[in-house]
Amino acid sequence: MALERDLQTDPPCHPRACAIQNCLTRNGFDEAKCTRYVDALYECCQAFYKKNGDGATTVSCPKASLLRLKMEQREKGKQ
């Protein structure tokens, strides 16, 4: 997935959010099979907030502070 392209969609990061939903549907809502799509969305959201500031909003992303918390939790879960 091309990050710059996904940042420019309306709303930003929307293709990556849709990819999660599609993956969950294909896999009987087994979240473990869709982690790469969640990681990709969080990558896009992180870039979105870096570019637009923590006060920016898009329906595709959690708020900036929650995004950071979720990313930290996911990283700890990988250890």
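Thr57 sits in the loop that joins helix H3 to helix H4, the latter spanning residues 64–78. It is a friendly place to start a tour of this predicted model, since Thr57 is exposed, with a relative accessible area of 68%. Along the chain, 46 residues separate Thr57 from Pro11, yet the C-alpha atoms of the two are 9.4 Å apart.

**The H3–H4 loop**

Thr57 shares its loop with Gly55, which also lies between H3 and H4. Gly55 counts as exposed too, because its relative accessibility is 74% and the exposed class begins over 50%. If you trace from Gly55 to Ser65, you move 10 residues in sequence, and the C-alpha atoms of the pair are 9.9 Å apart in space.

**The chain as a whole**

Stepping back, what elements does the protein chain contain? There are four helices and zero strands, so read from the N terminus the order is simply α-α-α-α. The chain has 79 residues and a radius of gyration of 12 Å, which agrees with the value near 12 Å that a compact globule of that length would have. Along the principal axes, its C-alpha atoms fill a box of roughly 35 × 30 × 20 Å.

How much of the chain is buried? Buried residues account for 34% of the 79. The accessible surface comes to about 5,300 Å², and carbon and sulfur atoms own 51% of that area. Contacts also reach along the sequence: of those with a separation of 6 or more, 46% join residues 24 or more positions apart. As for charge, the protein chain carries 13 positive and 10 negative side chains, and the centres of these two sets lie 1 Å apart.

**The H1–H2 loop**

Pro11, the partner of Thr57 in the distance given above, belongs to the loop between helix H1 (3–7) and H2. The peptide bond leading from Asp10 into Pro11 is cis, with omega near 0°. Cys13 lies in that stretch between H1 and H2 as well. Its phi is near 70°, a positive value in a residue other than glycine. Both features are worth a look on screen, because most residues other than glycine have a negative phi, and most peptide bonds are trans. Is Cys13 buried or exposed? Cys13 is buried, since its relative accessible area is 0%.

**Helix H2 and the loop after it**

Next comes helix H2, residues 14–26, where Ile20 is found. Ile20 counts as buried because its relative accessibility is 13%, and the buried class covers values under 20%. Which residues does Ile20 touch, leaving aside those up to four places away in sequence? Its contacts are Tyr37, Val38 and Leu41. Ile20 is also 9.0 Å from Glu31, C-alpha to C-alpha, with their positions 11 residues apart in sequence.

Beyond H2, the loop leading to helix H3 (35–52) holds Phe29. Like Cys13, Phe29 has a positive phi although it is not glycine; the value for Phe29 is near 60°. Phe29 counts as exposed, because its relative accessibility is 53%.

Here are the accessibility values for residues met so far.

| Residue | Relative accessibility | Class |
|---|---|---|
| Cys13 | 0% | buried |
| Ile20 | 13% | buried |
| Phe29 | 53% | exposed |
| Thr57 | 68% | exposed |
| Gly55 | 74% | exposed |

**An aromatic pair**

How many aromatic pairs does the structure hold? There is one. The rings of Phe48 and Tyr49 have their centres 5.2 Å apart and their planes at 70°, so the pair is edge-to-face. Phe48 and Tyr49 are both buried.

How values were computed
Residues numbered from 1 in each chain as written. Predicted model: local features only at pLDDT ≥ 70, side-chain atom pairs only at ≥ 80, totals over all residues. Heavy atoms only, no water. Helix = DSSP H or I, 4+ residues; strand = E, 2+ residues; numbered from the N terminus. Rg over C-alpha atoms; globule rule 2.2 N^0.38 Å. Buried < 20%, exposed > 50% of the residue type's maximum accessible area, 1.4 Å probe, protein only. Contact = heavy atoms within 4.5 Å. Areas by Shrake-Rupley, 256 points an atom, 1.4 Å probe, with all protein chains shown as cover. Lys, Arg positive; Asp, Glu negative; His and termini not counted. Charge placed at Lys NZ, Arg CZ, Asp CG, Glu CD. Phe/Tyr/Trp six-rings, centres within 6.5 Å; stacked < 30°, edge-to-face > 60°.
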